[in-house]
Amino acid sequence: MSALPASPTAPLSFTRFEIRPAERLLLKDGQPAELGARAFDLLLALAERRERVVSKHELLELVWPGLVVEENNIAVQVNAVRKLLGPDVVATIPGRGYRFTAAPLGESAAPSRPAEAVTAEVGPSVPAPARLPTNLPRVLQALRGRTEDLAALGALLDQHELVSVIGAGGMGKTLLAQHLLAGRREAYAHGVCWVELATLTDGNALPGAIAHAAGLRLGAGQPLAALAASLAPLQLLIALDNAEHLLDEVARVCQALADAAPGLRLLVTSQAPLKLPLERVYRIGPLAVPQGPLPAAQALEFSAVALFAERAATADARFQLNDANAAAVIELCRALDGQALAIELAAARASTLGVQRLASAMQDRLRLLTGGRNRAAPPRQQTLQAALAWSHGLLAPREQTVFRRLAVFHGSFSLELAQQVVAEGADLDEWDVVEALGELVERSLVAIIEDEHDNGQGLPRYRLLDSPQVYARELLQAAGELEALRQRHAFALAARFAQEWDRAFSGELGLQAWARQLLQDSGNAQDALAWLLQAGDARRALQVGISWLLALPNMRHAERQALAASCETLLPQIDDLALQVRGWFTLSRAAGLLSSRDVLAKSGQALALARRLAAEVGSEATRWLLYAALGNLLVRRMMADDEAGTVTPELLAELRTLEDPRWPAARRIFQGVPRDLMPQRLAFRAVLRQQWRLQDEAGADTLLLRSNLVDAELLAGDTEAALQLGEALLADVQGSRDDYLLMAVRMNHAVALLRSGRLAEARELLALGWPSALRLTWYPSYADHLALLLALEGRFEPAAQLVGYADAAVSREDQFRQGNESDAVERAMALALAALGEAQCQRLRDEGRSLGDEQAAALAGI
């Protein structure tokens with residue numbers, strides 16, 4: 001640890017405060033201000049480095065040189081600075097550190113260290129807007145010929161809550177919708193959100209997919225109702241792309257969301273309307289094509305010709321539309337009915353065949369294919385199919401083989417995965433696949449998907465465009481290769497997901513970044529798991545299932561529970577003990593996130609079996625994994641104030657000695673647990689503090705963990721620490737879409753406020769969180785703290801009744817009272833008992849059991 005560097009002798013002066021390093025003095029409004037020594041050092045360190053973000057690690061070295069302290073000390077001191085000088089003096093940069101944000105007077109940004117005293121102004125607190133996910137591509141292709149469509153669609157969306165963009169495949173619906181969202185990022189308080197439905201095959205998973213895309217955390221219960229409740233308070237534009245294969249399910253979800261969320265706008269792209277009364281349909285037709293020959297300058301005013309010219313020039317920079325080739329381009333665009341995808345396919349070949357030959361070849365192919373098709377098919381579908389067949393016919397045999405085999409992928413895929421699945425022996429090796437894939441990209445049959453989570457390696461993903469995907473699937477079926485390719489695809493996914501399970505704990509990536517990467521293959525995992533289950537390959541199915549389960553976010557609750565059930569069924573079917581241990585660890589981790597007694601009991605049974613299996617395997621790495629899982633259960637039991645069950649002092653001692661050097665980011669998780677079993681409330685706090693540090697190092701989202709730490713500080717009796725953590729956390733989650741997180745943060749901070757006698761502030765937070773608590777089944781806990789609030793206000797009769805209401809709610813929801821809730825009930829009843837007597841208290845508590853939710857809220861005055 002290095003000491004705090006010498007400070008400049010000149011003070012750092014600001015409009016409201018001045019820092020005098022030499023005197024170690026802080027002046028506020030010209031008067032000495034009281035600020036602790038550590039908080040002063042932290043403020044000075046940040047002010048001297050205000051041109052950049054200062055990491056937590058650097059702050060620890062600067063402010064606590066030579067000492068080993070918990071990282072949450074930084075948050076405590078930052079909060080002390082904010083409380084004294086205002087919340088906008090120091091900004092929290094999630095995942096990176098902190099930054100001093102006051103700028104010297106007359107400058108718009110913080111300069112380098114001044115040579116003499118300067119003045120800066122700290123204005124009123126303006127919360128920084130949350131960084132909300134959009135899921136839009138970072139770079140959009142130019143939108144050709146749709147200016148009027150874009151304006152008309154925007155006007156329609158301003159007036160109506162649900163608008164569907166309807167058109168044939170390849171017409172350009174997706175790009176039009178993406179440009180609309182990109183232009184409206186700032187028009188809605190909670191932003192815009194793009195939801196891709198192409199890889200979604202189960203309509204029941206639609207609410208979870210929307211929640212995941214929007215960054216919402218859903219509680220237990222019916223997923224659609226939970227999603228609607230979470231969206232109800234938001235002002236948000238959501239686009240659902242490629243809905244034609246899930247029309248009934250999308251219609252049901254859109255109706256429910258529109259009914260529940262008045263500030264929500266929904267944009268749907270599809271080949272057919274949803275047929276809902278509230279839906280407004282906007283149909284997009286083909287791009288504009290001249291009726292006859294025109295000079296190049298005039299032809300470019302038509303969007304179909306402009307698109308062809310742009311894409312042809314992209315494929316070959318030498319291409320130019322001129323008077324000599326304009327007539328052929330116009331004829332080609334007319335033959336393709338102005339369909340964007342077909343035009344792009346044709347333009348990719350312009351440099352190879354030349355425009356004149358291209359136009360004549362297209363015309364011939366269209367007539368031949370139309371004559372052999374069912375005439376009942378829509379004309380535009382025939383035309384697109386003809387363009388695809390023609391483009392496929394121009395491919396070399398190697399490219400044709402790769403093209404049809406790529407149809408086995410569901411959504412996007414990596415180059416490595418394509419090589420593993422598509423290559424076959426000496427006739428088509430992995431390098432052949434690379435070269436063929438490049439040709440398919442050149443011909444606009446395969447799209448390059450920029451991978452924003454590739455860690456700067458520049459490795460893209462690939463995806464067959466929608467219409468070529470359908471066509472390639474037909475070719476694969478006709479070639480008799482479909483089943484063999486499905487098997488290779490499933491085996492490759494199982495091998496990859498087995499490797500990914502280890503990689504999750506390697507420390508190579510943060511856990512969130514790892515999960516985002518893996519979830520890009522959700523569609524492929526879904527298909528692989530289905531095939532492996534059908535084939536009875538339990539071992540490979542489990543390899544896919546446990547990694548997928550580890551990556552799935554909490555907000556996709558229904559998916560996680562269904563996948564966990566499948567994995568649990570598979571475990572007894574395999575004899576690979578190491579894989580069984582991994583499976584039980586993953587299941588215990590998933591179950592440990594919940595709080596019902598049934599889940600706790602089930603996870604305890606799983607861990608008991610896993611511990612026995614670990615003993616049979618005898619591997620130190622496997623035992624470490626098991627004890628990490630047992631630690632998850634330990635935390636849950638501590639939160640419940642239950643006995644630790646199978647977690648004995650001997651087990652804890654052994655746990656502290658085990659670590660796997662392959663997993664540096666995850667080891668020593670429970671070394672914060674004392675050598676002897678100290679009171680569980682203190683042990684709970686020690687575990688959570690250690691987990692916060694390690695999860696932050698591992699790149700995981702720690703907001704909910706920090707909320708639990710507020711709870712743990714209260715259990716340990718440190719109200720002041722809980723207050724400071726809670727205030728900082730409230731500032732960090734302000735503007736969040738995550739209703740579950742907001743509800744948890746508000747309740748835990750309200751408990752700290754009650755402990756401090758700040759009853760009005762506590763009431764405000766509990767009232768804000770109550771509607772969400774009802775939706776997310778946290779209302780028993782809220783009711784416990786509301787009962788204490790009433791008792792502290794001297795309203796003893798309704799306090800006793802509300803405790804009875806909470807008793808019934810705990811039983812109804814199959815929950816248990818955690819430590820702070822038990823404390824609240826005990827304190828509330830003690831106050832009521834002293835004022836009313838035992839008989840009246842018990843009568844009122846019994847009466848409260850029959851109260852409804854609205855009656856309870858009215859009783860509490862919220």
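Helices here are DSSP runs of H or I with at least four residues, and strands are runs of E with at least two, both numbered from the N terminus. This is a predicted model, in which local features need pLDDT of at least 70 and side-chain atom pairs count only at pLDDT 80 or more, while totals for chains, interfaces and linings use all residues. Residues are numbered from 1 along each chain as its sequence is written, and side-chain values use heavy atoms, leaving out hydrogens and water.

**Exercise 1. The whole chain**

Find out how many helices and strands the protein chain has, and what share of its residues is buried.

Solution.
- Step 1: Count the elements: the protein chain has 38 helices and 14 strands.
- Step 2: Apply the burial rule: buried means under 20% relative accessible area, exposed over 50%, and partly exposed in between (1.4 Å probe, protein chains only). By this rule, 53% of the 862 residues of the protein chain are buried.
- Step 3: Look at the surface, with accessible areas from the Shrake-Rupley method (1.4 Å probe; for residues, only the protein chains shown count as cover). The protein chain exposes about 36,200 Å², and 50% of that comes from carbon and sulfur atoms.
- Step 4: Turn to contacts, meaning heavy atoms within 4.5 Å. Take the contacts in the protein chain between residues at least 6 apart in sequence: 70% of them join residues at least 24 apart.

**Exercise 2. Three loop residues**

Place Arg24, Lys275 and Arg184 in their loops, and decide whether each is buried, partly exposed or exposed.

Solution.
- Step 1: Start with Arg24, in the loop between β2 (17–20) and β3 (25–28). Its relative accessible area is 45%, so Arg24 is partly exposed. Arg24 is not a glycine, yet its phi is positive, near 50°.
- Step 2: Move on to Lys275, in the loop between β10 (264–270) and β11 (279–283). With a relative accessible area of 73%, Lys275 is exposed. Lys275 also has a positive phi, about 65°, without being a glycine.
- Step 3: Finish with Arg184, in the loop between α5 (173–182) and β8 (192–196). Arg184 is buried because its relative accessible area is 15%. Beyond its neighbours within four places in sequence, Arg184 contacts Gly154, Ala155, Asp158, Val192 and Leu237.

**Exercise 3. The span of a helix**

Check whether the ends of helix α1 (residues 37–48) are as far apart as expected.

Solution.
- Step 1: Recall the rule: the expected span is 1.5 Å times one less than the number of residues.
- Step 2: Helix α1 has 12 residues, so its span should be 16 Å; the end C-alpha atoms lie 17 Å apart, which agrees.
- Step 3: Ask how covered α1 is: 10 of its 12 residues are buried, among them Phe40, Asp41 and Glu48.

**Exercise 4. Two helix pairs**

Work out how α6 lies relative to α7, and how α17 lies relative to α20.

Solution.
- Step 1: Fix the method: axes are lines fitted to C-alpha atoms, for helices over the stretch in contact, and angles between N-to-C directions run from 0 to 180 degrees. Angles under 35 degrees count as roughly parallel, over 145 as roughly antiparallel, 65 to 115 as roughly perpendicular, and the rest as oblique.
- Step 2: Helix α6 (residues 206–214) and helix α7 (residues 223–231) cross at roughly 30°, and their axes come within 8 Å. Therefore α6 is roughly parallel to α7.
- Step 3: Name the residues that meet: Pro207, Ile210 and Ala211 of α6, and Pro223, Leu224 and Leu227 of α7.
- Step 4: Helix α17 (residues 415–422) packs against helix α20 (residues 482–503) at about 135°, with the axes 8 Å apart. So α17 and α20 are oblique to each other. Residues making this contact include Leu417 and Val421 of α17 and Leu485 and Ala492 of α20.
- Step 5: Add handedness: a crossing is left-handed if the near helix is turned anticlockwise from the far one by less than a right angle, and right-handed if clockwise. The α6 and α7 crossing is left-handed, whereas α17 passes α20 in a right-handed crossing.

**Exercise 5. Two buried residues**

Describe the surroundings of Leu464 and Glu821.

Solution.
- Step 1: Leu464 sits in strand β14 (residues 461–464) and counts as buried because its relative accessibility is 2%.
- Step 2: Leu464 and Leu406 are 58 residues apart in sequence, but their C-alpha atoms are 7.3 Å apart. Setting aside neighbours within four places in sequence, contacts of Leu464 include Phe403, Leu406 and Phe413.
- Step 3: Glu821 belongs to helix α36 (residues 819–836) and, at 3% relative accessibility, counts as buried.
- Step 4: Residues up to four places away in sequence aside, Glu821 touches Met747, Ser781, Asp784 and His785.
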